Structures are given as C-alpha cells and as structure tokens.
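Here's a quick tour for anyone opening this one up for the first time. Have a look around, then read on.

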Amino acid sequence: MDKFVSIHLNRTSDIPLYIQIYNGMVQLIESGVITCGQQLPPIRRMASFFDVNTVTIVNAYKKLQADGYAKSKIGSGTYVSFIGKKTHLGEFDVPIENMISSDSAAESVYVKKDGFIKFDFAGASISPKYFPVKDFKEVINEVLDRDGGYALEYQESSGYQPLRESIRDFMKAQHNLDIPLEEIQIVSGAQQGIDIVAKAFLNYKDVVYVEAPTYPGAVNAFKSRNARIVEINMQEDGVDLDDLKKNIMSNPPRLFYTMPVFQNPTGYSYSIEKKKELIALSKEYDFYIIEDDHISDLYYDEKPSALKALDDSDKVFYIKSFSKLFLPGLRIAFLWVPRRHFDKIALAKYSSDISTSGLSQRILDLFLRKSLWAEHVSHLQKIFYKKWQETVKSLEKYMPSDVSYFYPKGGHFFWINLPQGIYSTNLYYEALKNGVSIMPGELFFIEQRPSEGFRLSIAQISEWDIEEGIALLAESIQSLIDNPHKVFQGPNDRPLL
C-alpha cells in the first residue's frame with residue numbers, strides 16, 4: 001500500500017472523495033508507479049487505508065475502468081490496463097489479455113523483445129509531434145497575463161461563457177449549425193459527455209443500442225449504468241437498417257449511440273438516406289440518439305454534415321470533441337443539449353466534476369477566436385491526407401488478394417477484414433514479431449469474441465514508415481494464411497483480451 005501514500009484526501013473540498021482517489025490513482029498509473037497488469041488492492045482494504053466507505057472505492061474503480069485505466073476480471077479483481085510509459089518489457093510482456101476495451105491503451109507503444117515497436121498502427125490519438133505547442137505557449141501566457149488567478153478558479157458548471165460564445169460562432173461558420181447559446185454544455189472530453197447523458201437518461205436495465213463494432217469507452221459508460229446493450233450491425237454506409245428495425249420491433253431502445261462520421265473503429269460514414277431514416281425511427285419509437293462527433297473536421301473530400309442537422313424533434317444529443325485533434329490532455333468537448341433536457345444534463349455534469357478546467361476552457365476560447373484552431377486543422381488535413389494516400393497505395397500493393405478493406409473519406413482509421421477463419425488476435429501476435437502493432441477487432445465488440453476484422457490507424461505512424469509497416473503486416477497475414485497451424489483461436493473460443 002506504500003504506493004498510495006502520495007494520495008492525500010481533502011475532506012473539506014467540494015470534489016467528491018472518489019474523484020480525488022481516482023485522480024491520484026491516474027497520476028500513479030500514468031507515471032508508471034503502478035504498472036500495466038498490476039492488480040489493485042481489494043476494495044475493503046483500500047477503503048480501510050483511506051478511511052472511506054467501500055462505495056467510494058467502488059466508484060473510483062468504476063471510473064478507472066470507464067476511462068480505460070483498469071479492467072475488472074470476475075472472481076479475480078481489478079487490474080491496471082493502461083501502459084503509462086514506453087518501457088522495455090521483453091517479448092510479449094504486455095500480453096493481449098492486459099489490453100483493455102478502450103483506446104487509451106492503444107495510444108501507448110507496444111514493444112517486443114529486441115526493442116520498441118517501430119510501426120505503430122494501433123494508436124488512436126494523433127502523435128504529439130503534431131500538437132500546436134508554440135501557439136499553445138503563446139495562448140496560455142496571454143490567458144494568464146489577462147486573467148491572472150481567475151483563470152484557475154471554478155467556472156460555471158455549464159461552461160466558460162466566452163468559450164460557449166466562441167463555439168456557437170465556430171459551429172455556425174464551419175459547420176452551418178445554429179446552436180442556441182443556452183443549449184451548449186462544456187464537458188471534460190467526449191467520454192464525459194457520453195457518461196453524463198447515460199447518467200441522466202438511463203435507469204437499471206434500460207436498453208441501449210450501439211453500433212457493431214463500436215468505441216469501447218461508450219460501452220463502458222453504459223455498462224456502468226447497468227444498461228442492457230444491444231449491438232446493431234454496421235455497413236459501409238452506416239447502420240444496417242434491417243437489423244436496426246428488427247431489434248426495434250422486439251426490444252426498442254432508450255438510447256442509440258452512434259458515430260455517423262468516420263466511425264471508430266471502421267472509418268465508415270452514414271449516407272444521408274440512413275441519417276434521415278435513423279431520425280425518423282427515433283421519432284416513431286421515441287428514443288434518443290447520442291451523436292459522437294469525434295473527428296469530422298479531419299476530412300479529405302467533401303465536408304461531412306452532422307446527424308444533428310436533420311434533427312427537428314430534439315432527439316439528438318450532439319457531442320463534439322476538440323481533444324482528438326488538439327491537445328488530448330486538455331480534455332475539452334461540448335454537448336448540444338435540447339433545452340428541455342438541459343437542467344437534467346447540467347445536474348449530471350455537476351455531480352461528476354462540478355466544472356471543466358477553467359484554464360483549458362480559456363485556452364480553447366482563444367484558439368477559436370484567433371482562428372488558430374482552423375489553421376491547426378488545415379495543417380493536419382494536409383499531413384493526414386498524404387498519410388491516407390500512402391496507406392491506400394500500400395494496401396493495394398501489398399495486401400493478399402483475399403483481404404478486404406475500406407477507404408474512409410476522413411479521419412485516420414481503416415477497417416480491414418482478414419480471410420475467413422483468420423482471427424485478428426492471432427495477427428496481433430504475429431505482427432509483433434515484425435515490430436508492427438494493430439488493434440484486434442474483438443476489442444470493439446461487447447462480448448469480445450474472435451473477429452476477422454481489425455483496426456489500422458495512421459494517427460501515430462509517420463508517412464515515411466507506412467509502406468514498410470504495411471508490407472510487414474501483409475507478410476504476417478500471409479504467414480497465417482500459409483500456416484493455418486499457427487492459428488490458436490477459433491470462433492467458439494473466448495478471446496484472450
């Protein structure tokens with residue numbers, strides 16, 4: 001328990017004790033004091049150590065799991081599942097069973113025995129080398145010079161008023177969306193946005209639909225509310241409407257979670273026809289939609305439109321993240337909340353963390369007002385379009401003929417399907433031998449059954465390494481095809497994840 005003595009609780013603070021414990025544990029995990037795969041102490045022991053109720057520890061552990069820092073194993077305990085720093089771990093010392101159902105683990109660099117992974121196709125966040133550090137330094141100095149200590153105080157729970165105004169103006173100019181100022185709720189990242197909508201609208205055993213495959217962080221948020229989660233199959237132009245309607249007839253949802261533009265993990269985008277049909281179904285069967293706009297600004301062709309733009313009945317809760325393309329550590333996003341539900345969402349937000357960092361909000365406000373955000377995104381579009389082109393060329397050049405893949409029109413995810421009977425967990429291990437990392441597809445399904453699909457991300461890898469990395473990945477795939485005895489996982493096996 002010595003590792004936890006650095007966590008000091010302020011029992012007079014407005015910040016809930018479980019959040020204080022959570023924050024302290026996150027610091028220990030991210031700094032590498034507590035390492036990936038390490039079991040956390042039992043709940044009662046931790047409660048005794050901090051002199052708190054066991055419920056406080058349960059809530060702290062649940063938040064660690066929801067945010068991708070830990071994973072619970074039934075009958076065993078809670079284990080750290082976030083790789084806090086790049087360490088030389090030895091071949092396969094990061095076993096796939098310690099990978100988690102969240103992109104936070106994928107953003108670390110996996111290693112093999114003879115060194116670091118060179119070809120990182122797993123990372124979900126853009127490389128820090130693309131962050132606008134110079135502009136950030138200038139803006140943060142301007143904020144501190146202008147506002148002094150006021151920049152560091154609590155904000156209104158709904159958000160820093162000038163930032164809400166900047167977001168309103170930005171969304172009108174860049175996305176042709178008219179958002180009433182009183183319907184903008186600032187949140188600490190899209191993950192919190194999903195979580196507080198779930199908290200506000202889900203009761204025990206309510207039904208939630210998610211796309212299959214989908215973003216695991218959303219699934220974790222719904223699981224934390226004890227919701228019944230139903231997967232709806234995805235197609236290249238959006239959700240499978242036949243599958244959706246079949247499920248609605250027998251088991252209508254309370255919420256439907258979707259990423260209609262450059263979906264994670266597939267890169268798929270909804271057609272306008274499917275967007276209209278989804279809105280129509282939400283009205284007919286009275287369910288709400290959570291639209292997660294995580295990266296629509298990073299487009300390479302025609303600017304995509306939001307599902308929310310078609311919402312004429314206040315059925316869509318629109319979440320837009322600025323962290324994915326900006327500085328992830330700032331944790332900034334906003335929720336467009338229909339006015340009649342705003343108070344309910346505001347209460348859920350307040351009970352989560354009172355308010356989002358005032359300094360982060362002021363920084364983003366200036367980035368938007370000075371058009372630095374638009375310049376940054378324009379710069380990223382050029383970089384990632386070149387990477388996208390290189391990826392397309394390399395896939396066509398090296399991939400075996402019986403491998404299929406989809407070319408997104410934006411973002412940085414490609415969904416690749418292996419031949420029937422070849423599972424992506426096996427490819428994960430095989431590719432590691434060549435210094436290549438990918439994200440196995442089973443991580444993006446609720447039951448985490450073996451999947452022939454996997455996600456290939458160009459968020460971290462440099463343009464110059466893409467061709468060699470994909471060539472080595474193709475070699476790994478061909479090796480599995482040519483040597484079926486290497487396959488150690490079948491369709492009825494539980495995955496090692």
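Which strands does helix α10 lie across? Helix α10, covering residues 272-284, lies across β8, β9, β10, β11 and β12. Its direction is about 145° from that of β11.

Keep in mind that this is a predicted model. The protein chain has 497 residues, and 60% of them count as buried. Its secondary structure adds up to 15 helices and 18 strands. About 20,500 Å² of the chain is exposed, with carbon and sulfur atoms supplying 48% of that.

Now for the sheet. It's an open one with 8 strands and mixed pairing, in the order β6-β13-β12-β11-β10-β7-β8-β9. At the edges stand β6 (184-187) and β9 (238-239); each has a single partner strand, so one side of each has no neighbour in the sheet. Elsewhere in the sheet, β11 (residues 288-293) and β12 (residues 316-321) pair in the parallel sense over 5 bridges. I289 sits opposite V316 in β12.

Helix α6 also lies across part of this sheet, namely β6, β12 and β13. Here are the two helices side by side:

| Helix | Strands it lies across | Angle |
|---|---|---|
| α6 | β6, β12, β13 | about 110° to β6 |
| α10 | β8, β9, β10, β11, β12 | about 145° to β11 |

Leading into α6 is a loop worth a stop: S158 is found there, between α5 (133-147) and α6 (161-175). Is S158 buried or exposed? S158 has a relative accessible area of 16%, so it counts as buried, the cut-off being under 20%. Leaving out residues up to four places away in sequence, S158 touches R164, I184, Q185, I186 and F342.

How values were computed: Residues numbered from 1 in each chain as written. Predicted model: local features only at pLDDT ≥ 70, side-chain atom pairs only at ≥ 80, totals over all residues. Heavy atoms only, no water. Helix = DSSP H or I, 4+ residues; strand = E, 2+ residues; numbered from the N terminus. Buried < 20%, exposed > 50% of the residue type's maximum accessible area, 1.4 Å probe, protein only. Areas by Shrake-Rupley, 256 points an atom, 1.4 Å probe, with all protein chains shown as cover. Contact = heavy atoms within 4.5 Å. Pairing = 2+ DSSP bridges. Axes fitted to C-alpha atoms, helices over the stretch in contact; angles between N-to-C directions.
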